[in-house]
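Visitor: I should like to understand how the words used to describe a structure are justified. May we go through some of them together?

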Amino acid sequence: MKGIITTTEEKKEAPDGIWNKCPNCKKPLHYSEQVENQYVCHYCGYHLRIGSKEYFAVLFDNNEFTELFPDLTSGDPLHFEDTKKYTDRLTETQFKTGLKDAIRAGVGKIDGQDLVIACMDFNFIGGSMGSVVGEKIARSIDYCIANKVPFLMISKSGGARMMEAAFSLMQMAKTSAKLALLSQAKIPYISLLTDPTTGGVTASYAMLGDINIAEPGALIGFAGPRVIKETIKKDLPKGFQTAEFVQEHGFLDFIVDRREMKEKLASFIKMMAN
């Protein structure tokens with residue numbers, strides 16, 4: 001009887017966040033296994049979506065890095081309001097995610113070599129590119145030029161942030177101009193495209209790398225497949241806008257499994273240094 005009439009307070013629940021379900025094969029994944037396997041499903045190889053915290057842990061030696069420009073936050077130049085005020089949305093998202101904006105930048109070592117990584121977070125308003133994202137990338141590039149350190153950009157975004165309208169679109173030109181200076185200084189720029197990389201981010205810094213690499217199965221494109229299908233009124237080819245499709249059509253240099261990413265990046269930086 002005890003098991004049947006146990007009160008709700010006494011029932012034992014598994015704590016949140018210990019188990020996760022693979023979106024692809026639907027098999028249960030234990031958190032410790034995910035960390036060990038670098039957030040790749042060990043049943044089907046599906047790359048789970050992760051944020052800057054996890055990417056830094058995967059790539060930086062011993063997860064040791066110094067965060068750059070951690071306190072930049074977005075203003076509200078247009079006093080924008082949709083279902084709620086933009087300022088309220090920002091405060092709420094910052095509280096929920098613990099992030100200041102949709103990007104974090106850090107400098108550390110990868111296999112003993114210096115590297116600056118700027119990584120986007122999809123949890124922050126869909127990883128949208130606002131003025132803080134553009135500014136952090138620009139300042140990271142300045143840091144790279146001043147200190148002669150290679151730059152890695154990890155993109156994961158739904159595109160421009162509509163609440164900042166033209167201010168957001170200006171970031172495309174601003175980051176592209178800064179990357180041209182990085183190129184003139186002969187400092188390597190690696191662009192890593194993860195799931196999803198779309199909109200204004202694809203149309204600017206994500207595609208401008210000395211090498212463009214992606215994770216398997218990542219969605220990469222400008223407009224979403226549904227929008228394209230409705231516009232051209234035709235069915236799209238199978239696997240349209242996946243990393244594999246994009247590579248086949250010449251936009252990517254190669255696709256790398258996350259578990260081999262650190263090794264590949266380190267060997268590329270060594271080659272560039274020599």
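**Reasons behind the terms**

Visitor: Why is glutamine 171 called buried?

Guide: The model before us is predicted. In it, glutamine 171 has a relative accessible area of 5%. Buried means under 20%, so glutamine 171, at 5%, is called buried.

Visitor: Where is glutamine 171 found, and which residues does it touch?

Guide: Glutamine 171 is found in helix α5, which covers residues 165–184. Not counting residues up to four places away in sequence, glutamine 171 touches Met129, Gly130, Ser131, Gly134 and Glu135.

Visitor: What makes the approach of the side chain of glutamine 171 to phenylalanine 167 a polar contact?

Guide: The side chain of glutamine 171 reaches the backbone oxygen of phenylalanine 167 at 2.7 Å. The cut-off for a polar contact is a pair of N or O atoms within 3.5 Å, and the value of 2.7 Å satisfies that limit.

Visitor: Which residues does the UniProt annotation "binding site" cover?

Guide: According to the unreviewed UniProt entry, this annotation covers Cys22, Cys25, Cys41 and Cys44.

Visitor: How do you know that they gather at one spot?

Guide: These residues span 23 residues in sequence, yet no two of their C-alpha atoms are more than 8.8 Å apart; therefore they gather at one spot.

Visitor: Why is cysteine 22 called buried, and why is cysteine 25 called partly exposed?

Guide: Cysteine 22 has a relative accessible area of 0%, which is under 20% and therefore counts as buried. Cysteine 25 stands at 26% relative accessibility. Because partly exposed lies between the 20% and 50% limits, cysteine 25 is placed in that class.

Visitor: Where do cysteine 22 and cysteine 25 lie, and what do they touch?

Guide: Cysteine 22 is in the loop between β1 (19–21) and β2 (28–30), and cysteine 25 is also found in the loop between β1 and β2. Leaving aside neighbours within four places in sequence, the contacts of cysteine 22 include Lys27, Leu29, Cys41 and Cys44, while cysteine 25 is in contact with Cys41, Tyr43 and Cys44.

Visitor: How do you know that the reach of helix α4 is close to the expected one?

Guide: Helix α4, residues 131–147, has 17 residues and reaches 24 Å from its first C-alpha to its last. At 1.5 Å a residue, 24 Å is expected, and the reach is close to that value.

Visitor: What covers the buried residues of α4?

Guide: The buried residues of α4 include Val132, Gly134, Ile137 and Cys144. Their cover includes β3, β4, β5, β6 and α5.

How values were computed: Residues numbered from 1 in each chain as written. Predicted model: local features only at pLDDT ≥ 70, side-chain atom pairs only at ≥ 80, totals over all residues. Heavy atoms only, no water. Helix = DSSP H or I, 4+ residues; strand = E, 2+ residues; numbered from the N terminus. Buried < 20%, exposed > 50% of the residue type's maximum accessible area, 1.4 Å probe, protein only. Polar contact = N/O pair within 3.5 Å; in protein donor to acceptor, adjacent residues only side chain to side chain. Contact = heavy atoms within 4.5 Å. UniProt positions renumbered as here; feature names shortened; annotations may be inferred. Expected span 1.5 Å × (residues − 1).
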